[in-house]
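Got your viewer open? Let's take a short walk through this one together, starting wide and then zooming in.

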Amino acid sequence: LHSTSRRQRQMCIRDRKKAIDLYQGPLFGSARDEHWIMSKVVAFEYRYLGAVCELMKTLDLGRDYVCIQHYASKMLLIAPHSIDGYYWMIYAMFQLDHPEMARGELRMAQRNLLEEEYDELIERLKVAGFSRCYGITPA
């Protein structure tokens, strides 16, 4: 039973990676801001972000932090204002024992996110136990 669920998880990861790798950013790049297509562009981006977040959760179960870092980086290239992208990038950096790089990502998040988005990121990091490492004081 254990090997079957593990095999299913690996197949799920493989399929999600393929789907995520197909998406290269907003469709119809030159027409992205046209009112008639905006809703489709936004819908695809939300689906992409949701798929990446689900992949990250699955990769976290297998402790594949290098892969999490890779997909968090890809996510931030496509959606540079993604709280989830910064969370997973910082999380992966911490797990890979790269605290300076994680702090750099935290500084980048502070520059790129709105204040309330950055506050949300900080709260998520506190819940995940990053307070000591990053000088984030408990609430």
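In what order do the elements of the protein run from the N terminus on? Colour the chain by secondary structure and follow along: the elements go α-α-α-α-α-α-α. The tally is 7 helices and 0 strands.

Keep in mind that you're looking at a predicted model, so colour by pLDDT next. The average for the protein is 82, and 82% of the residues score at least 70. Now select residues 83-95: that's helix α4, which has the highest mean pLDDT among the elements, at 94. Then jump to residues 131-134, helix α7, where the mean pLDDT is the lowest, at 58.

Time for the surface. Switch it on and you have about 8900 Å² of accessible area, with 55% of that belonging to carbon and sulfur atoms. As for what lies beneath, 36% of the protein's 139 residues count as buried.

Go back to cartoon view and think about contacts. Take those in the protein with a separation of 6 or more: 56% of them come from residues 24 or more positions apart.

Last stop: select residues 99-112 to light up helix α5, and pick out A102 inside that helix. Is A102 buried or exposed? A102 counts as buried, because its relative accessibility is 0%, and the cut-off for buried is under 20%. Now add A92 to your selection and draw a distance between the two C-alpha atoms. A102 and A92 sit 10 residues apart along the chain, and their C-alpha atoms are separated by 8.2 Å.

Note on methods:
Residues are numbered from 1 along each chain as its sequence is written. This is a predicted model: local features need pLDDT of at least 70, side-chain atom pairs count only at pLDDT 80 or more; totals for chains, interfaces and linings use all residues. Side-chain values use heavy atoms; hydrogens and water are left out. Helices (H or I, at least four residues) and strands (E, at least two) are DSSP runs, numbered from the N terminus. Buried means under 20% relative accessible area, exposed over 50%, partly exposed in between (1.4 Å probe, protein chains only). Contact means heavy atoms within 4.5 Å. Accessible areas come from the Shrake-Rupley method with a 1.4 Å probe; for residues, only the protein chains shown count as cover. pLDDT is the predictor's confidence in each residue, from 0 to 100.
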